[in-house]
Amino acid sequence: MTTYTDVNGSERPLAATQFESTNARHAFPCYDDPGKRATFKVTINHSPTYTAISNMPVYETESTSGKTVFETTVNMPTYIVAFIVSDFKYSEGELNGLKQRVYSRPGSVDEQEWGLLSGMLITQRLAEYFEIDFMLPKLDQAAIPNKGGAMENYGLATYGEQYMLYNRDLSTVNTQTAIANIIGHEIGHQWFGDYVTIQWWTYLWLKEGFAQLFSYKATDDAFPEWGIWQQFQTDEYQAALTSDASDKPRPMTHYVQTAAEISSLYDDVSYAKAGSVLHMWNHALTDAVFKRGLHNYLDANKFTSAVEDDLFNALQIAAKEENHPIPARIEDMLRSWTQQGGYPVLTVSRNYDDGSFTVAQQSFHNNENTKSDKLWYIPINYASQSNADFRNTAASEFLLNVSSIKVDAKLSKDDWLILNKQSTGFYRINYDDKNWKLIVEGLHDKPYKVHPLNRAQLMHDAYRFSISNRLQHSTLLEMLPYLVEEDQYAPWATAKGIFDTFHRFLIYHSNYEYFQRYLAYIVEPVYEKFGVHEDSGEQHYHKFTRNIIIHLAWMADVKTCQQEVRKKFEAELNNVVAIEPNLRSQFYCLALKDATSTEFNYVFDKLMNTNDQALRNSFISSLGCAENPEQLNKFFSSSIDTGNKLRSPERLTILSAAYSRSQAGLYAAIEFLNNNWQAYGELAIGSNKPLDAAIRGMSSYVVKSDQETKLLELVDKVKESAYVNSDLETVVKSRIQDNYNWLKANRDPIMSWMLNFRNSGSASLTLSLVSLTSALVIVVFRLF
């Protein structure tokens with residue numbers, strides 16, 4: 001049971017279920033086990049002024065006013081049984097005979113169109129890909145106020161409002177993309193998780209990994225002009241590579257028993273990593289084999305449960321049906337990825353005399369001193385400067401559970417070599433120094449010859465190698481200025497992550513301005529190209545990229561950026577011209593860094609007075625950028641003022657919006673919790689501990705001794721309370737030490753390089769580029 005506030009400001013009751021993983025038992029007696037299936041006949045008695053919906057259509061013959069009876073369900077597990085009792089309104093559509101509806105609170109029906117359209121298109125694309133029609137007589141989607149995430153209930157998927165409602169005038173391209181993406185995830189579950197269920201939670205990845213992959217694959221099929229694989233690269237692939245590099249990563253297939261153990265599996269391994277591993281084999285085996293294999297798997301296991309071997313067998317059969325040769329059994333190849341944690345780094349060593357190269361594998365860990373004897377079956381392919389064709393992503397070679405192989409590629413000694421076309425393989429790649437140099441020169445000379453997903457991953461790998469003592473910092477720092485010629489989202493999103501990290505660790509250095517000048521050299525010319533105004537007809541992700549450029553230009557102290565941001569913000573404040581929705585959150589954020597009380601309250605009041613959840617989230621994010629202590633205290637205090645208009649889940653996002661944005665936010669958050677830790681601890685929803693989570697989160701941003709002292713004083717004050725976990729102090733100290741280790745290993749070499757760049761680097765880079773251009777002109781002249 002929950003409530004929501006209607007358009008008149010009144011609270012309205014609402015009942016909606018969320019049974020995954022082990023909560024159906026609280027609603028009715030059952031074997032609450034994903035591997036056990038049954039049919040269900042649902043009858044709901046309710047107020048005649050309310051309506052009820054469930055997995056199946058209403059059985060009109062037996063239903064009366066105040067009593068809704070539903071048709072008997074298909075054979076299915078308990079955790080995807082669902083019902084909602086509400087006063088919701090709906091819009092509906094039909095495509096190829098399948099009726100679909102979107103439900104939401106009254107007053108929001110005009111915001112349902114995008115969710116309905118996306119749902120119909122994505123359902124059809126998935127049915128076409130799997131060659132299996134949607135298996136129920138209807139598919140409903142419901143937007144639930146105050147709900148986080150979404151749930152794949154069979155025939156009745158539920159979503160937080162921010163993932164379903166889209167306002168044509170106010171919503172952003174981020175919201176539009178997120179809605180389509182999460183719809184792809186939940187409707188993908190209708191096949192992977194509902195039609196075919198997992199036998200036990202051990203195989204959670206077998207449904208979540210596929211749903212995560214098809215959230216992108218189906219969205220790309222429905223809206224191919226977007227180029228959504230760039231977002232997959234940054235949000236899933238790179239996130240999984242980062243999170244799966246601990247000293248003891250867990251495998252995708254991981255046995256669990258208790259409810260707490262089951263809940264712990266809902267992490268990047270089951271979602272982002274599993275989706276990335278499946279994406280790798282989709283490309284390595286070819287889409288024809290993958291598509292046929294998934295059809296085989298779904299058809300053989302329909303309305304029952306499965307384990308990973310069922311998938312492997314289906315793909316093995318598909319390879320034979322498609323006459324596609326494979327170098328080993330599918331079972332052996334894929335188990336090397338599902339049964340052991342982590343992933344490999346490939347070390348590429350070239351023989352510049354005969355044109356061959358050697359590829360060696362070993363387990364990658366963020367800590368370079370962590371060793372492992374793990375081996376994987378690894379699909380690889382490659383492109384070179386003379387054959388810069390990144391289109392065919394099928395595997396051309398394999399490391400078949402061996403430590404290394406030699407590839408006789410007959411490469412020219414002056415050609416760069418890049419493995420893993422379009423970065424579909426789930427691994428990192430380190431090259432010998434000469435090849436890294438050739439890659440850097442190639443990016444500066446003709447970046448367009450390298451696929452944008454590879455351009456992004458080259459930076460991501462180089463950063464991880466440089467901070468783990470596997471590669472000189474100079475390689476990354478000499479690579480990044482190629483971005484002057486970059487306009488694609490994935491490379492810029494990757495670069496933003498790197499520059500944000502540098503900013504966080506270097507901001508207290510006495511020569512921080514060296515970093516700003518380096519960044520300005522890179523970003524200022526790109527800022528001039530993108531500008532601060534949207535143009536009609538822009539490519540989808542161009543709108544995402546502009547926000548990144550503006551963010552970095554402000555960080556680099558580019559004066560024209562700061563002036564134009566202030567000008568646009570003041571124009572909206574004075575009711576002259578409103579900031580475009582796609583730029584609003586970023587401009588509010590930057591303007592609030594040094595805002596008057598009037599300016600701060602302008603955004604704060606917007607937060608309190610809108611019903612649109614996506615907008616509310618963006619206002620919270622922007623308000624966290626404030627650096628004035630009084631404004632921050634007002635913002636933080638709103639989290640514990642239960643009489644205001646904040647919604648319960650939002651209260652837990654207030655502190656992180658600030659302490660993750662600035663050192664002023666960090667200091668203010670520590671002080672606020674020192675004075676209000678008990679009230680903040682009382683914000684707990686269910687079994688979560690918001691005070692514990694906030695303090696752990698803040699520890700990741702501590703980079704100075706006085707910050708450490710203040711945070712540990714807070715820890716000492718709360719560590720015996722019921723609001724935190726027993727290991728809080730240990731985790732906080734460990735994270736702070738990790739930050740100090742980063743500073744010790746990386747700050748001085750980075751700042752030393754940037755000092756040289758300040759004195760001579762920018763000129764050297766310019767001369768280098770001029771020399772390359774001159775050389776090309778001479779060659780062309782000689783040809784004629």
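**Group meeting: a walk through the model**

Okay, let's start with histidine 189, which sits in helix H2, residues 173-189. Before I go on, keep in mind that this is a predicted model. Is histidine 189 buried or exposed? Buried, with a relative accessible area of 0%. If we skip the neighbours within four places in sequence, histidine 189 is in contact with Glu152, Asp194, Lys207, Glu208 and Ala211.

Now, why pick that residue? The unreviewed UniProt entry puts the feature "binding site" at His185, His189 and Glu208. Those positions span 24 residues in sequence, yet no two of their C-alpha atoms are more than 8.4 Å apart, so they gather at one spot.

Let's look at glutamate 208. That residue is in helix H3, residues 205-222, and counts as buried at 1% relative accessibility. What does glutamate 208 touch, not counting residues up to four places away in sequence? The list is Glu20, Glu152, His185, His189, Tyr266, Ser270 and Tyr271. So His185 and His189, which carry the "binding site" annotation in the record, both turn up in the contacts of glutamate 208.

Next, the annotation "active site". The unreviewed UniProt entry has it covering Glu186. Glutamate 186 lies in helix H2, the helix that also holds histidine 189. Glutamate 186 is buried, at a relative accessible area of 4%. Leaving out neighbours within four places in sequence, its contacts are Ala150, Met151, Glu152, Ala157 and Tyr159. There's a polar detail here too: the glutamate 186 side chain reaches the backbone nitrogen of glutamate 152 at 3.1 Å. And glutamate 152 keeps coming back, since it's also on the contact list of histidine 189 and on that of glutamate 208.

Moving on to the nonpolar side. As background, nonpolar side chains in soluble globular proteins tend to be buried together. In this model, the largest nonpolar core has 231 residues, and the members touching the most others are Trp191, Phe499, Phe502 and Ile695. There's another core apart from that one, with 10 residues, including Ala82, Phe88, Tyr103 and Ala142. Back to tryptophan 191 for a second: beyond its neighbours within four places in sequence, it's in contact with ten residues if you read down the list, among them Thr123, Phe130, Asp133, Met135, Val196 and Leu298.

Okay, charges. Opposite charges on side chains can pair when the charged atoms come close. How many salt bridges does a search of the whole structure find? It finds 41. I'll show you a few.

One is lysine 568 with glutamate 580, at 2.6 Å, N to O. Lysine 568 is in helix H16 (residues 559-573), while glutamate 580 is in the loop between H16 and helix H17 (581-592), so the pair ties together parts 12 residues apart in sequence. Both partners, lysine 568 and glutamate 580, are buried.

Then there's arginine 696 with aspartate 727, at 2.5 Å, N to O. Here arginine 696 comes from helix H24 (residues 690-699) and aspartate 727 from the loop between helix H25 (705-718) and helix H26 (728-783), so this one ties together parts 31 residues apart in sequence. Arginine 696 counts as buried at 14% relative accessibility, whereas aspartate 727 is partly exposed at 35%.

Aspartate 716 and lysine 719 also pair up, at 3.1 Å, N to O. Aspartate 716 is partly exposed at 48% relative accessibility, and lysine 719 is partly exposed at 27%. Elsewhere, salt bridges with shared partners link Glu308, Asp309, Arg329, Glu331, Asp332 and Arg335 into one network.

Last topic, the cysteines. The search of the whole structure gives 1 disulfide, joining cysteine 589 to cysteine 625 with an S to S distance of 2.0 Å. Which hand does it have? The torsion about the S-S bond is about -90°, so the disulfide is left-handed. Cysteine 589 is in helix H17, and cysteine 625 is in the loop between helix H19 (613-623) and helix H20 (629-637), so parts 36 residues apart in sequence get tied together. Cysteine 589 and cysteine 625 are both buried.

What about cysteine 561? Its closest cysteine sulfur is in cysteine 589, 11 Å away, and that's too far for a bond. Cysteine 561 is buried, at 0% relative accessibility, whereas cysteine 30 is partly exposed, with a relative accessible area of 28%.

That's my tour, thanks.

Conventions:
Residues are numbered from 1 along each chain as its sequence is written. This is a predicted model: local features need pLDDT of at least 70, side-chain atom pairs count only at pLDDT 80 or more; totals for chains, interfaces and linings use all residues. Side-chain values use heavy atoms; hydrogens and water are left out. A nonpolar core is a set of buried Ala, Val, Leu, Ile, Met, Phe, Trp, Tyr and Cys residues joined through side-chain atoms within 4.5 Å. Buried means under 20% relative accessible area, exposed over 50%, partly exposed in between (1.4 Å probe, protein chains only). Contact means heavy atoms within 4.5 Å. UniProt positions are given in the numbering used here, feature names are shortened, and annotations may be inferred rather than shown by experiment. Helices (H or I, at least four residues) and strands (E, at least two) are DSSP runs, numbered from the N terminus. A salt bridge is a side-chain nitrogen of Lys or Arg within 4 Å of a carboxyl oxygen of Asp or Glu. A disulfide is a pair of cysteine sulfur atoms within 2.5 Å. A polar contact is a pair of N or O atoms within 3.5 Å; within protein, one must be able to donate a hydrogen and the other to accept it, and residues adjacent in sequence count only if both atoms are side-chain atoms.
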